[in-house]
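Visitor: I am new to this structure. Please pick a single part and take me through it closely.

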Amino acid sequence: MKRPIDWREDRSAVREKVAESARCVLPIVLIVVLLCLTAAPMKPDLLLSFLIGGVMLVVGMGLFSLGAEQSMTPIGTKIGTALTRTKNLPLILGVSFALGFAITVAEPDLQVLAETVPHISSTVLLLTVGVGVGLFMAVCMLRIVTGANLRWLLIGCYALIFLLAAFSDPDFLGIAFDSGGVTTGPMTVPFILAMGLGVSNIRSDRRAEADSFGLVALCSVGPILAVLILGFFYQGSDAVADLSSASFGSSTAIGGAFLASVPLYLREMAISMLPIVAIFFLFQLTLLRLPGRSLAKILIGILYTYVGLVLFLTGVNVGFSPLGAELGAELAVHGWLLVPLAMVLGWFIISAEPAVGVLEKQIESVSAGAIPGKVIQRSLSVAIALAMGLSMLRVLTGISILWFLVPGYGIALALSFFVPDIYTAIAFDSGGVASGPMTATFMLQFVMGASSALGGNILRDAFGVVALVAMMPLLSIQAVGFLYERRAKRAAVAPEHYGDFDIVELWEDAA
């Protein structure tokens, strides 16, 4: 007799996930509130909407995390495994392109960026980035099936990227690199990571574990190349970024703004998840044929994911984003103090990125606990703090983003020769994961507000913050890998010392 789904167990899991997300989000909320009450006074209605948005963000992130575990991860793993078992390479590549394109076009982070970019049509940007991700999703599958070395693929791709960047329009540079970061958002990351794991499970060689990572890294390359190429052919408009001051006027207006946004995100998330659900049911009817209990659990997980993302995006976009721009503009009067302030925000905001937890759990699972998730999280916090400090340095000085990206990626690729392949793959995946919806909404708006208040060029000085957030984990996590590897080697060669009164039972060695 089949055991029915235990709803009490599900409720307990929801409470646990919501409490976990509250612990992640609370520090950033407290820091922002403290700044608003001291250094950068805000209008009460704006602060109230921020707090309401914070509550929605906590609940939404908790539901999303639970839903991703129950639905996106098993769907990706099972589709990846089923595709590989067909041994039909054209089918594998075709489905991978379709999935990559469909998921990306409806990715919430990308839609936020597309609406923020003033001089490129949002439809053109969405389609361009979708094609880029689709093509590189197919490249990812081809790499896993063939066992191609990730390091050399990344070196070739970034060499081409920086060659194109040297001749591209400066107004497209920040957008191109930001596009690479935002495409790997809360919907895409769990699915891509799990699909890579499913495909690599078919292989039995020792490199399969490392090859299950790296998909996010390569899928981040596609949009950068696609937008840089677009810049050579597309005539951008003269529109400027809209940073008009947000004002609600009353608590009724605040409630109306949130209620008006919910149907919008209900529709957007339905469109976003429809391709994944449709392809899953197609595989369920043809190749998977999961039993009823497993299917029901996945469907419940899809519902959690859907509701969680709607709440999360409503909270972030209505509550967090407007305050971000206002806060940046208000703090701009403090000049160089913006750098440490941005670093503090960056340190805590990475914990609120919903896809980071998904990556940490997969790293612990694949490495059998050899790479603790807490170590990954701490190295990410350091990386994002430095990235936000560099972003504010650009706002204050107007330095081109290439002065940071070229040496940064050069060092990251050089480090890949000195650390195990799995650390390189995890590092490049973490870069895409770190630049999620919190960075694309709150932190980008924060930097844009500061740039506008200082009279800077928003397109050249503010855009690119997501790119720096995506780059810094490449350095920090590979550094962690280098240190862990050296420690492991020292432990392996360290001689065993015995004290004067220790008993050494030689017959056990002889056995």
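Guide: Here is a short look at the whole, then a close look at one helix. Keep in mind that this is a predicted model.

The setting comes first. The protein has 21 helices and 0 strands. Of its 511 residues, 58% are buried. Its accessible surface comes to about 21100 Å², and carbon and sulfur atoms account for 66% of that. Take the contacts between residues at least 6 apart in sequence: 88% of them join residues at least 24 apart.

Now go to helix α6. It covers residues 150-165, which is 16 residues. From the first C-alpha to the last, α6 reaches 22 Å. That is close to the 22 Å expected at 1.5 Å a residue.

Look at the start of α6. There, a side-chain oxygen of Asn149 comes to within 2.9 Å of the backbone nitrogen of Arg151. Arg151 is itself one of the buried residues of α6. Leu150 and Leu154 are buried too. Further along, so are Cys157, Tyr158, Ile161 and Phe162. Leu164 and Ala165 complete the buried set.

Next, look down the axis of α6. The buried residues fall within an arc of 160 degrees, so they line one face of the helix. On the other side, Trp152 and Leu163 are exposed.

What lies over the buried residues of α6? Several helices take part, including α5 (122-146) and α7 (170-182). Also among them are α10 (215-233), α16 (402-415) and α17 (421-434).

In short, α6 has buried residues along one face, with Trp152 and Leu163 exposed on the other side.

Note on methods: Residues numbered from 1 in each chain as written. Predicted model: local features only at pLDDT ≥ 70, side-chain atom pairs only at ≥ 80, totals over all residues. Heavy atoms only, no water. Helix = DSSP H or I, 4+ residues; strand = E, 2+ residues; numbered from the N terminus. Buried < 20%, exposed > 50% of the residue type's maximum accessible area, 1.4 Å probe, protein only. Contact = heavy atoms within 4.5 Å. Areas by Shrake-Rupley, 256 points an atom, 1.4 Å probe, with all protein chains shown as cover. Expected span 1.5 Å × (residues − 1). Arc of directions from axis to C-beta. Polar contact = N/O pair within 3.5 Å; in protein donor to acceptor, adjacent residues only side chain to side chain.
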